[in-house]
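Welcome! Here is a short tour of a protein structure for someone meeting it for the first time. Have a look at the sequence and the model, then read on.

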Amino acid sequence: MKKWLYAAGLGLVMASSVSVQAADKIAVVNVQSIFQQMPARDAVAKQLENEFKGRATQLQAQERDLQTKMQKLQRDGSTMKASDRSKLEKDVMAQREDFSTKAQAFEQDNRRRQAEERNKILSRIQDAVKSVASKQGYDIVVDANAVAYASNEKDITADVLKQVK
């Protein structure tokens, strides 16, 4: 029984020394910082703005028209003929529903495209992290925001940023 306990203890000591050696192969990278500093991020933002500019302009015009009709109904509704008021109310309700549907579709499309482009950029960052880590011999790379402390010697953020630019 003592031999078994001795062997188990020796195994724990060896396992802990292996984990200490593995700690030398760990680096950190600040992905958020790289993402914020990438010039491609601004280019993508402009591209998406241009892509959705036409639809946004149409929605704004439709919203202004709807507000004008609602103001007219509120202002002149009491003095209008009942048939004219009823027609305007129906028109406002139909236009409000149409606007709401188009605005929701616009928001969904915009969010989807932003997510697609963000994922492309993050994929480029991830590929750069893998490349830098393999060149410098790191086995594990952890996001700096998930680490309580890391020495600056093992921070590969600047190297990854150089490769991504």
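**Salt bridges and the helices they join**

The count of salt bridges here comes to ten. Please keep in mind that this is a predicted model. The protein has five helices and two strands, and the bullets below start with the overall picture before turning to single helices and pairs.

**The overall picture**

- Along the sequence, the elements follow the pattern α-β-α-α-α-β-α.
- Of the 165 residues in the protein, 22% are buried.
- The accessible surface comes to about 12,000 Å², and carbon and sulfur atoms account for 53% of that surface.
- Among contacts between residues at least 6 apart in sequence, 85% join residues at least 24 apart.

**Helix α3**

- Helix α3 covers residues 39-76. Its 38 residues should span 56 Å at 1.5 Å a residue, and the end C-alpha atoms are 53 Å apart, which agrees.
- Where does α3 bend? The bend is at K53, and it is about 50°.
- The buried residues of α3 are V44, L48, F52, L59, Q62, L66 and L73. The elements covering them include α4.
- L59 is a good residue to look at more closely in helix α3. At 12% relative accessibility, L59 counts as buried because that value is under the 20% cut-off.
- Leaving aside neighbours within four places in sequence, L59 is in contact with F99, K102, A103 and F106.
- L59 and F106 are 47 residues apart along the chain, and their C-alpha atoms are separated by 8.9 Å.

**Helix α4**

- Helix α4 takes in residues 82-136, with E117 among them.
- With 55 residues, α4 reaches 80 Å from its first C-alpha to its last, close to the 81 Å expected at 1.5 Å a residue.
- After α4 comes G137, whose phi is positive, near 80°.

**Salt bridges between α3 and α4**

- As background, side chains of opposite charge can pair when their charged atoms come close.
- D109 and R55 form a salt bridge through their side chains, at 2.8 Å from N to O. This pair links distant parts of the chain, with D109 in helix α4 and R55 in helix α3, 54 residues apart.
- Are D109 and R55 buried, exposed or partly exposed? D109 counts as partly exposed at 24% relative accessibility, and R55 is partly exposed too, with a relative accessible area of 30%.
- D91 and K69 also meet in a salt bridge, at 2.7 Å from N to O. Here too the pair links distant parts of the chain: D91 belongs to helix α4 and K69 to helix α3, 22 residues apart.
- D91 is partly exposed at 33% relative accessibility, and K69 is partly exposed at 21%.

**E117 and its partners**

- E117 is buried, with a relative accessible area of 8%.
- Which residues does E117 touch, leaving aside its neighbours within four places in sequence? The contacts are V44, Q47 and L48.
- The side chain of E117 meets that of R113 in a salt bridge, at 3.0 Å from N to O. Both E117 and R113 are buried.
- E117 and R113 are four residues apart in helix α4, so about one helical turn separates them.
- An α-helix has 3.6 residues a turn, so residues three or four places apart point the same way.
- The salt bridge of E117 and R113 belongs to a wider picture: E51, R112, R113, E116, E117 and K120 are linked in a network of salt bridges.

**Helix α5**

- Helix α5 covers residues 157-164, and T157, V160, L161 and V164 are buried in it.
- Seen down the axis of α5, these buried residues fall within an arc of 100°, so they line one face of the helix.
- What covers them? The cover includes β1 (26-29), α2 (31-37) and α4.

How values were computed
Residues are numbered from 1 along each chain as its sequence is written. This is a predicted model: local features need pLDDT of at least 70, side-chain atom pairs count only at pLDDT 80 or more; totals for chains, interfaces and linings use all residues. Side-chain values use heavy atoms; hydrogens and water are left out. Buried means under 20% relative accessible area, exposed over 50%, partly exposed in between (1.4 Å probe, protein chains only). Contact means heavy atoms within 4.5 Å. Accessible areas come from the Shrake-Rupley method with a 1.4 Å probe; for residues, only the protein chains shown count as cover. The expected span of a helix is 1.5 Å times one less than its number of residues. The bend at a residue is the angle between axes fitted to the seven residues ending there and the seven starting there. A salt bridge is a side-chain nitrogen of Lys or Arg within 4 Å of a carboxyl oxygen of Asp or Glu. The arc is that of the directions from the helix axis to the C-beta atoms.
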